[in-house]
Amino acid sequence: MFDLEPQRAAGKVLLHFSMSLDGFVAGPGHSMDWLAGVTGRDGVLEEYVETTGAVLGGRNGWDRDPTARPYTEDWKGRIFVLTHRPESATPADGVTFLDCDVAEAVRIGLAAAGGKNLEVLSPTIGRQLLERGLVDEIDLHIAPVLLGDGIRLFDNPGGPPVRLRHAQGPQPFAEVDVRYRLVADG
């Protein structure tokens, strides 16, 4: 597997998710309890606190937990929630509810990010941005779990495939090999 370069604050539109091996970024009902006990690489949290200027999410995720903030309390960026019903959203400090086109939401989020990255934490918004060519990079952390149900990273039945290339390494179109073994106790 290729060594990952640290994320850079470069004013990118970044889809950033932890994902199950079978392609889910949340369980049924936006549940995230499946990530309990999963660890990330050393320094990854600090890396994203430093490089993320703003976050764009969707209303379904927001309604699941309006008190949640990405990363840790150390992250002080702005959160934007795209919704067709901003008047009924639960308000919070540092959160702006937008009722606009996704491209306009990206423009607003990038301006607020101040040269750092705008992280999109909604697979639905991510799909719309991918369809419009408005995503610069997808950063995935693949968790060693099979969920079998939930919210997929990219759900576009009947749509064309979106071709990607590795951001690092000598073979930009090579598959990435991962190998896991089953845990006996569950």
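Glutamate 73 turns up in the loop between α2 (59-64) and β4 (78-82) of this predicted model. Its relative accessible area comes out at 72%, and since anything over 50% counts as exposed, glutamate 73 gets that label. This residue also has company: together with Asp42, Glu46 and Asp74, Glu73 forms a negative surface patch.

Moving along the chain, histidine 84 sits in another stretch without helix or strand, namely the loop between β4 and β5 (95-98). With a relative accessibility of 68%, histidine 84 counts as exposed too, because the cut-off for that label is over 50%. Histidine 84 and leucine 98 are 14 residues apart along the chain, and 7.8 Å separates their C-alpha atoms.

What about the chain as a whole? Its secondary structure adds up to 4 helices and 8 strands. Reading along the sequence, these elements come in the order β-β-α-β-α-β-β-α-β-α-β-β. The radius of gyration of the protein chain is 17 Å, while the globule rule gives 16 Å for 186 residues; the two values are close, so the chain is as compact as a globular protein of that length. Taken along the principal axes, the box that the C-alpha atoms fill is roughly 45 × 40 × 40 Å. As for how much is tucked away, 34% of the 186 residues count as buried, a label that glutamate 73, being exposed, does not carry.

Definitions and conventions. Residues numbered from 1 in each chain as written. Predicted model: local features only at pLDDT ≥ 70, side-chain atom pairs only at ≥ 80, totals over all residues. Heavy atoms only, no water. Patch = residues over 30% accessible without salt bridge, like charges linked within 9 Å, V, L, I, M, F, W, Y side chains within 5 Å. Areas by Shrake-Rupley, 256 points an atom, 1.4 Å probe, with all protein chains shown as cover. Salt bridge = Lys/Arg side-chain N within 4 Å of Asp/Glu carboxyl O. Lys, Arg positive; Asp, Glu negative; His and termini not counted. Charge placed at Lys NZ, Arg CZ, Asp CG, Glu CD. Helix = DSSP H or I, 4+ residues; strand = E, 2+ residues; numbered from the N terminus. Buried < 20%, exposed > 50% of the residue type's maximum accessible area, 1.4 Å probe, protein only. Rg over C-alpha atoms; globule rule 2.2 N^0.38 Å.
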